[in-house]
Amino acid sequence: MPNKSGAEQPEISGSTQKSQRTKITKSSDDNEKKSLAKKLKDSEICIPIVYGNIAFWLGKKASEYQSHRWTVYVRGATNEDLGVVVKRAVFQLHSSFNNPTRVIEKPPFELSECGWGEFEIAITLHFHSDVGEKPLHLYHHLKLYPEEESGPLSTKKPVVIESYDEIVVSEPSEALFARVQNHPAVIVPRLPADFTLPPVPLEDVDSKNRVDTKDNPLNQWFTNFSEADELLKLAAARQQVQAHIARLRRQLTLVDGQHQQLKAPSDM
Amino acid sequence: MDAKDILGLPKNLPIQEKKSKPPKESQRKPDGISREVYALTGGLAPLMPAIDVNQLKRKAQSENEKITWQWLPFTNSARKDNLQLYHWVRVVNGNPPTGDYSFAKCNKSADIIKYTDEEYEKYLTDPAWTKEETDQLFDLCERFNLRFIAVADRFPSTKTVEELKDRYYSVSRAILIARAPSPGDVSAHPLVKDVYNATQDTERKRALNLLLSHTKHQERRDVEASANLVLPVLSDTGTLGADKPITTADTVNPSTNSEFPSSTTTPVSETASVVASLRMLRVYLRTYSLEQMVQAASSSAGLRTIKRVEQTLQDLGVNLKPKVPTKAVCAEHLELRKEILTLLNLQKQLQYKEAEGSSLRDGTFTETPGTPPKQSVRAVDLDRTFTPDSLSTGGERFGKREQKRKGPGRLAEAPSSPAQSKRPRKYKASD
């Protein structure tokens, strides 16, 4: 990762002295800030997320009211840490649970419980202040039983149901941009190489305490969402439709021509 | 003579002409107008005089009256003050004209019915309106002569123009009916006969506003659509040759406009407003943005059309809601939906044209491309059966059928042949 604090300099003659260089940087900083702000105006940063649940049947240990152990979660699509943008996640469970409003203050944003029923869980994501003030709502229907009647339930193989989505932050502030631009969980638009970004406070202290979401034991069950399949299918579909459209246009002109022929004699 | 000189004609004739000319000239010599002007009449005097020339002069003379024009003061009975203004007056024999100022009769005002308190209690009470408000309304209506826009501006509490109108008309109507000795007496009165419909009025205004705000887009789309239509030009030998795109604005567009007025126009502006609203949100979900864009793109399409789009998507093997909604996937999905909408519209157009063609052959064709209701129903019925088949059976078969078509009569039948089992009986009527 490039060192942010001073390595990227504006393209001025490199032979100037260091002291001069810093002077020049300061004076052109404002212009750069303005153009950076302009660039950020029409851009967006995107955080791909996956949310859903994993449910294990408890088998012998299952009771009438606790047949499954399930975990509902929101994760980065590539299992990266969402804490970079998400401040906390609130899971609203069914009212039959004690304290149905569960707040998760730090990543990984997940919640495990035991139960027997399937219900809708409302997940509210609260963001850091430089992202936005308004929280986002996701809704997930808890699934404990597999789709198909696949015979006897297994305690080893969980039921996994996940949904892919993306958090879009339009016109991000410069501070946010600088903070997240190199974070693996975030997709940022590319800026021209000669842009200096405002210096970012070092986060080394935090990174040691951060939970490494890549080590989540549930990782093995997570779905890998790839856009390639869908893109291919869409491209093929579009081609088909476009071919139909071209054909119809040709027919239309043909029909029009025939109409002209039919109309002409009656005009006389 | 002069003309022939200018034209450069041979001069051998003039000798003859000169001989014949003088006698003719003496006959023809006009008085009062020049020779050239007289020649304009064809060289002959009119057989019947169009205007009696004598009359023209006589009318002014035979008056035997002295006409002068004088700058005199006048009053206007339509004014409430006693303002005296001056104007030119045609004075005949020293007597100025009598009578009121001629424009006084133009100062008309509406007769606003005044109700008594008793009548209010009996007939006019309404949950949404206090007596005070109703009184204020009527007072304003009188002052502003039923100019409801001005009344709405000055009305103390916020009520829409339509609400004010509604109240005014319903009150007036109720009073009229209440005061009439029998209902039959007033049934012909316009206030009683035509009832004001507030919701319809609101809808109408909304629709007008929509039309007003979309006209430019419509024009643009019309130009695009018509530019894409390349009309074949018939040469003398009857062979077809494609020519440069002719703007068929006159013939094509009225029909397309009446049939599918805003299918290609409003989505453009709707998506722009969606983008703006998303930006306002700052933080949102990709699925939400796709939902909004899809809604905007199909805002003008009816429910049936939307269902057809979804059916088409399913036939193509595409998820109605993408499983992996990334930026690229959502963009592609949206474009696909738009293209399907275009496809459906073109299908409708084609069927309409073919229906038109069959009626052309029947001899029932009228010049105005406005759709008779019968035909549009037919076209729409066909659509339902047409779409899935055309895509799933592949275009090839359809194309071949088209080529095999022998006479123009077949045109009408080809589209429905893949869907024979479901062909609606109504369509047969056109053959």
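**View 1. N99(A) counts as exposed because its relative accessibility is 60%.** Exposed means over 50% relative accessible area, buried under 20%, and partly exposed in between (1.4 Å probe, protein chains only). N99(A) sits in the loop between β3 and β4 of chain A. Strands (E, at least two residues) and helices (H or I, at least four) are DSSP runs, numbered from the N terminus. The phi of N99(A) is positive, about 45 degrees, although N99(A) is not a glycine. Most residues other than glycine have a negative phi.

This is a predicted model: local features need pLDDT of at least 70, side-chain atom pairs count only at pLDDT 80 or more, and totals for chains, interfaces and linings use all residues. Residues are numbered from 1 along each chain as its sequence is written, chains are lettered from A and ligands numbered from 1 in the order in which they are written, and side-chain values use heavy atoms, with hydrogens and water left out.

**View 2. An open sheet of four strands in chain A runs in the order β4-β3-β6-β7.** The pairing is antiparallel. Two strands pair if DSSP finds at least two bridges between them. β4 (101-104) and β7 (136-141) of chain A are the edge strands, each pairing on one side only. On average, neighbouring strands of this sheet are turned by 20 degrees against each other, direction ignored. For such angles, axes are lines fitted to C-alpha atoms, for helices over the stretch in contact, and angles run from 0 to 180 degrees between N-to-C directions.

**View 3. At one edge of the sheet, β3 (residues 86-92) of chain A pairs with β4(A).** The two strands are antiparallel and share four bridges. I104(A) in β4(A) is the bridge partner of A89(A). Side chains alternate along β4(A). R102(A) and I104(A) point to one face and are buried. T101(A) and V103(A) point to the other face and are not buried.

**View 4. At the other edge, β6 (residues 120-127) of chain A pairs with β7(A).** Six bridges link these strands in the antiparallel sense. T124(A) stands opposite H137(A) in β7(A).

**View 5. P107(A) and P108(A) are joined by a cis peptide bond.** Omega is about 0 degrees. P108(A) lies in the loop between β4 and β5 (109-115) of chain A. Most peptide bonds are trans.

**View 6. E171(A) has a positive phi of about 50 degrees.** E171(A) is not a glycine. The residue lies in the loop between β8 (159-170) and α2 (174-180) of chain A.

**View 7. Helices α5 (residues 117-124) and α8 (residues 161-179) of chain B pack at about 100 degrees.** Their axes are 10 Å apart. α5(B) and α8(B) are therefore roughly perpendicular. Angles of 65 to 115 degrees count as roughly perpendicular, under 35 as roughly parallel, over 145 as roughly antiparallel, and the rest as oblique. From α5(B), E119(B), Y120(B), Y123(B) and L124(B) meet R167(B), V171(B), A174(B), I175(B), A178(B) and R179(B) in α8(B). Contact means heavy atoms within 4.5 Å. By class, this contact has seven nonpolar, no polar and three charged residues. Ala, Val, Leu, Ile, Met, Phe, Trp, Tyr, Cys and Pro count as nonpolar, Asp, Glu, Lys and Arg as charged, and the others, Gly among them, as polar.

**View 8. K165(B) is found in helix α8 of chain B.** K165(B) counts as buried, with 18% relative accessibility. Leaving out residues up to four places away in sequence, K165(B) touches F148(B), Y196(B), D201(B) and K205(B).
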